[in-house]
Amino acid sequence: WNSHNRGMHNLRNGKRAIAYMGMPGTASAISPDATMIAVGHSGGQFTIWDSDNLQCVLENSVRDRSVTVLHFSHDGKQLLVATAGGTLDVFDVRSGFRKVGSNESRHSASVTSADFSADGKLLRSCDNAGEILYWHAPSLKLYDERTVELRDVRWATETIQMAWDRKSAWGQRVSLSDINAVAVNPNRTILLTAEDDGAMRVFRFPAIGDDMACKRYRGHSSAVQGISFAADDRYVFSVGGYDLCIFQWRHLQPLSKAQSHSGMLDFRAD
């Protein structure tokens, strides 16, 4: 998908960027250098696709439960694969996706999101039960020291639904199943939440406190299952569930510092 002209992206040979996978996809991730696309499947497998020609170059059977999260480290050297069974596995990309870390007993529910630290030495993961766990990467040895010591860690991405810096999104009227995904823009000034009622909420980031003001946008007719900023911060993409829709939203940037300080946060369907 080309976000600027809102049209299907073509491969280098001029063909449409469409490929038949042969089995349902349940999660996906693109490597930082954009050369590989990782896709998780309902049977516990993950596949790797060449982004130039959309040819499958690797298939790996990890577990027997559906893959729910795929995540590359910031340097592209590691790939995390998490499942509905609460398992986590880390693969070394440079050695042909050899497994270098594994844990299958700590999460009690389906893993919903995960982030690598910017230096790739730590991981954090969140599950459907609302539990956040921290890990040493790539071994997946549980971080069992005081988590307050992690408060200054720079995370390469901000996809876990629960953390102190997004506490305001979880007000008294929000349950564990209400927020399906979150996203923080590249400048780390805006937090988006994908809601079970079909809405997208927009907060200032960090969203600390119990009742920070937010804006709400609607477009989907069913639960919003995924949300993400474009790398240039100009667009947001939201993925619906039963409506089978992908929305592209334009991020309307403040024209001046005065507008920025006044709390202007605006998006519109593009």
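**Turns, cis bonds and a pocket**

Colleague: Which residue takes a positive phi in the hairpin of β1 and β2?
Modeller: This is a predicted model. Its hairpin of β1 and β2 has 5 residues between the strands. Most residues other than glycine have a negative phi. With a positive phi near 65°, the exception to look at in this hairpin is Ala34.

Colleague: How many bridges pair strand β1 with strand β2?
Modeller: Strand β1 covers residues 25-30, and strand β2 covers residues 36-41. The two run in the antiparallel sense. Their pairing extends over 5 bridges.

Colleague: Which residue in β2 stands opposite Ser28?
Modeller: Start from strand β1, residues 25-30, where Ser28 sits. Its antiparallel partner β2 spans residues 36-41. Within β2, the residue opposite Ser28 is Val39.

Colleague: Leu54 has a positive phi; is Leu54 buried or exposed?
Modeller: Leu54 lies in the loop between β3 (45-50) and β4 (56-61). Its phi is near 55°. The cut-off for buried is under 20% relative accessible area. Leu54 has 14%, so it counts as buried.

Colleague: And Leu244, buried or exposed?
Modeller: Leu244 is in the loop between β18 (235-240) and β19 (246-252). It is not a glycine, yet its phi is positive, about 55°. A residue is exposed at over 50% relative accessible area. Leu244 reaches 78%, so it counts as exposed.

Colleague: What is omega for the peptide bond from Ala137 to Pro138?
Modeller: Most peptide bonds are trans. The bond from Ala137 to Pro138 is cis. Pro138 belongs to the loop between β11 (132-136) and β12 (141-142). Omega for this bond is near 5°.

Colleague: Which residue does a cis peptide bond join to Phe205?
Modeller: Look in the loop between β15 (199-204) and β16 (215-218), the place of Pro206. A cis bond with omega of about 5° joins Phe205 to Pro206.

Colleague: Which residues lie closest to the centre of the second largest pocket?
Modeller: This pocket holds about 500 Å³ of space. Its lining is made up of 18 residues. Closest to the centre are Arg124, Tyr134, Ala163, Trp164 and Asp165.

Colleague: How many residues in the lining of the second largest pocket are charged?
Modeller: Sort the lining of the second largest pocket by residue class. Nonpolar residues number 10, and there is 1 polar residue. The charged residues number 7.

How values were computed:
Residues numbered from 1 in each chain as written. Predicted model: local features only at pLDDT ≥ 70, side-chain atom pairs only at ≥ 80, totals over all residues. Heavy atoms only, no water. 1 Å grid on protein atoms, 1.4 Å probe; cavity = no way out; pocket = protein on both sides within 12 Å on 5 of 7 lines; lining within 4 Å. Points joined across faces, edges and corners; volume = space filled by probe spheres on them. Nonpolar A, V, L, I, M, F, W, Y, C, P; charged D, E, K, R; others polar. Pairing = 2+ DSSP bridges. Helix = DSSP H or I, 4+ residues; strand = E, 2+ residues; numbered from the N terminus. Buried < 20%, exposed > 50% of the residue type's maximum accessible area, 1.4 Å probe, protein only.
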